[in-house]
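Visitor: Thanks for showing me around today. Could you walk me through this structure one question at a time?

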Amino acid sequence: MNFERPFLLVLWVLVLWVFPMMRAWPQKTGTTEFILADDERMLEILMELLPEEQLEELDLSDVMEQLNDLRRHPMDLNSVTADELGRLRFLSPLLIRQILNYRQRTGGFISINELQVIEGMDLRTAQFLSQFFLVRNKSQLETITYNEVKNKGKQEWILRYGRILENQQGYLVRDTGRSRYLGSPDRLLLRYRYDLLPDLRIGINMEKDPGEQFFSGAQRYGFDFYSGNIQLRNQRYFSNMVIGDYVLQFGQGLSMWAGYATGKGAILHGIARQGAGIRPHTTANEIDFLRGVATSFEHRFWRVTPFFSYRKRDGKLEQHEEGGQVWVASLGQSGLHRTPGETAGRRQVGQWTYGVNVERQHPLWRIGTTVYRSILMAALVPPDLLRNQYVFRGNDLIHSSIYYQVSFRNAYFFGESAMSGNGGVALLNGALLSLHHHVSLGILHRYYQRDHFSFFAQAFGAGSTVANEKGVYVGLQYQPNRKFSFLAYVDQASFPWAKYRVDGPSGSIDLLSQMSYAWNRRTHLTGRYRYRRKQLNMDSGLPEYRLGMIENQQFRISFESRMGLRWRIRNRVEAVTYAAENMLRQTGWMCYQDVFYQPAGAKLTGNLRIAYFHTDSYDTRIYAFENDVLYASSFPAYHNKGIRYYLNLRWNISRSLDLWGRYALIRYAGLENIGSGLDQIPEGNKRGEVKVQLRFKIL
């Protein structure tokens, strides 16, 4: 279809937007029907908690696994704790307090439908909670027998295969003296899970990325990455223990946080982190995890969590010509080992890490502290660049922090203060305030000194590190009823020292406004406007760069509707502008149509997307979430000009066996080759990708 013809574009809008919206207009009122959200829909809501800058490298498999675990083992609303509710990332601290207050005031829940009457609970949140909770009249352990415990263990195997169909430059190079991909273009993933109730879990992950070798070369033992762990919970002497690969999440992320982290997205409470403590490392992420043992001991209101880790990290080593001294020029951040250069840095830097977290808990407040020491086997000495003047150098780092959370009436306060061993300080403080039944306010202030450093920090900010930043965030949410909501925020930041592509002090501002309206439980409309301004290096024709102002604007409208019990549609139109000093304004736009076929109990389900995009350059790229196979996620950047479509299918072969298939194709207009470097497709203007996943369950 030629989308550039105006009359066809008008027809597309009428058929795919106006007609579904007319059908979705409510014909009945007062219904209490719950439309259960599927895995993809939960992912879409979690996207609202994240800034778009994080999407391209985001791995959501860990979050999806947590939500699926909660679905398989629903929690009792009459015994769930605030920490367990916090595992559901779409619940704000104030709403968690409302749920617990309602339970205390009424003496307990009688039905799951009571969630609808809790103050501050919207329809979408109530739909989600109905999947993860139930109301039990008796303790689960009162009637269970030994044979039931022995037979309740559940096992799950997943095998995933994928590859790009076209030949890429890295696989075509035959000269052994040049950089090239050493392995095949196949991507392989094998994972195993064993669960016994919520108290025992065993997990194993194995992955080979495209271009990596398999049972040869540096990967002579098969997969490039192996990961495994055992988790025990609710035992006599400890509440939680993970042996193997694990992640830690404490405070607001100034000292220790790995995995999924909320930020300044389109949901106000995303600015307040709710740490999960110890969690097994369940993804194929090869960077952000610890390897060893971590244990939580609880006594009354106290929780003590010591942890120990040793793992070998990727790193670029350099050696002094005269003395032979070896140091680490940089630590690897990709986890890819495809070329001779990447393979040479594989697992070259040993890192010891040990520490402890101590937390005092109370129904209305929490205070905790984290202290850890990390030792590299060789000193870290980054390149002698202006932006690296205050970056940590050495091989021994001690880091500490103290954090707090306080609930007081309709207010929630949170914060953390951290200090690295070289004297660098990081401070973060914020509040979520319910000013009225329909109005909420979020405020956050951060101050990260330029010499603050932590190996494991991941906190709120406009920059990529928890250093060299000062900023203030203010957000307001207005929700007069359960159908309509409006969010707006402004985030202003300054960077006192140089950073990547910015050779001097600079600043930025980020504004977002978003309106959402739901006609009923089946139909949802969203409109968004975002404005961003920052400074970047500009070529001045001199040896030094000068700083110039960059402005981005984003306009988006999206619509979603469930058409009966079998079909669901989703549409989006988005436009962006990019303006740099003394340069012509660049623009880009994208529109897509999604169709989902998901009848309850069907053997075969699937979804299809057709997208058209036209951007002037990579600076006007547009990110869009794409549905994928189970535990996988895609966030490609749409840029240049072309059309993209994909098809996902799931075949529920039996109660124990599922098969997923995915085919995606992008076709560019006016290009003779695609990509750059070793990823370039030298001939042709299209790139196709296939993915197949098989899941086998023993229930």
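Guide: Happily, and one definition will help at the start: a charge sits over a ring if NZ of Lys or CZ of Arg is within 6 Å of the ring centre and within 35 degrees of the ring normal. Please keep in mind that this is a predicted model.

Visitor: Over the face of which ring does R273 lie?

Guide: The cut-off to meet is 6 Å from the ring centre. R273 lies 5.0 Å from a ring centre, and the ring belongs to W257.

Visitor: And the charged end of R662, how far is it from the centre of the ring of Y646?

Guide: The same kind of test applies, with a limit of 6 Å for CZ of Arg. The charged end of R662 sits over the ring of Y646, and its distance from the centre is 4.6 Å.

Visitor: Before we go on, where in the chain is confidence lowest, and where is it highest?

Guide: The chain averages a pLDDT of 86, and 87% of the residues score at least 70. Under 50, though, are residues 1–15, with 17 contacts beyond four places in sequence, and residues 17–38, with 47 such contacts. By element, the lowest mean, 46, belongs to helix α1 (residues 6–24), while the highest, 97, belongs to strand β30 (residues 657–668).

Visitor: How many helices and strands are there in the chain?

Guide: The chain has 699 residues, of which 50% count as buried. Among contacts between residues at least 6 apart in sequence, 62% join residues at least 24 apart. As for the elements, the chain contains nine helices and 31 strands.

Visitor: Which strand gives the largest share of the largest nonpolar core?

Guide: In soluble globular proteins, nonpolar side chains tend to be buried together. Here the largest core has 22 residues, and those with the most contacts inside it are Y246, L248, M256, F307, Y372 and F455. At least two residues come from each of β7 (240–249), β9 (290–299), β12 (326–331), β14 and β15. The largest share, four residues, comes from β14.

Visitor: How many residues are in the other core that lies apart from it?

Guide: This separate core includes L70, L77, M121 and F133. Its residue count is 21.

Visitor: Back to L248: which residues is it in contact with, leaving aside neighbours within four places in sequence?

Guide: L248 is one of the residues with the most contacts inside the largest core. Beyond its sequence neighbours, L248 is in contact with M256, W257, A258, G277, I278, L290, A294 and F307.

Visitor: What kind of aromatic pair do F392 and F455 form?

Guide: There are 25 aromatic pairs by the rule used here. Planes over 60 degrees apart count as edge-to-face. F392 and F455 are 6.1 Å apart centre to centre, with 80° between the planes, so by that cut-off the pair is edge-to-face.

Visitor: Where in the chain do those two residues lie, and how many residues apart are they?

Guide: F392 is in the loop between β14 (365–380) and β15 (394–408), and F455 is in the loop between β18 (439–448) and β19 (469–478). F392 is buried at 6% relative accessible area, and F455 is buried at 14%. Ring pairs also link both of them into a cluster with Y372, F453 and F456. Along the chain, F392 and F455 are 63 residues apart.

Visitor: Is Y403 buried or exposed?

Guide: Y403 lies in strand β15, and its side chain is joined to that of E359 by a polar contact of 2.5 Å. Residues it touches beyond four places in sequence include F250, N357, R366 and E416. The cut-off is under 20% relative accessible area, and Y403, at 2%, counts as buried.

Visitor: With which side chain does the side chain of Q405 make a polar contact?

Guide: Q405 is also in strand β15 and is buried, with a relative accessible area of 12%. Beyond four places in sequence, the residues Q405 touches include Q252, R273, L364 and W365. At 3.1 Å, the polar contact of its side chain is with the side chain of Y412.

How values were computed. Residues numbered from 1 in each chain as written. Heavy atoms only, no water. Phe/Tyr/Trp six-rings, centres within 6.5 Å; stacked < 30°, edge-to-face > 60°. Buried < 20%, exposed > 50% of the residue type's maximum accessible area, 1.4 Å probe, protein only. pLDDT = per-residue confidence, 0-100. Contact = heavy atoms within 4.5 Å. Core = buried A, V, L, I, M, F, W, Y, C linked by side-chain atoms within 4.5 Å. Polar contact = N/O pair within 3.5 Å; in protein donor to acceptor, adjacent residues only side chain to side chain.
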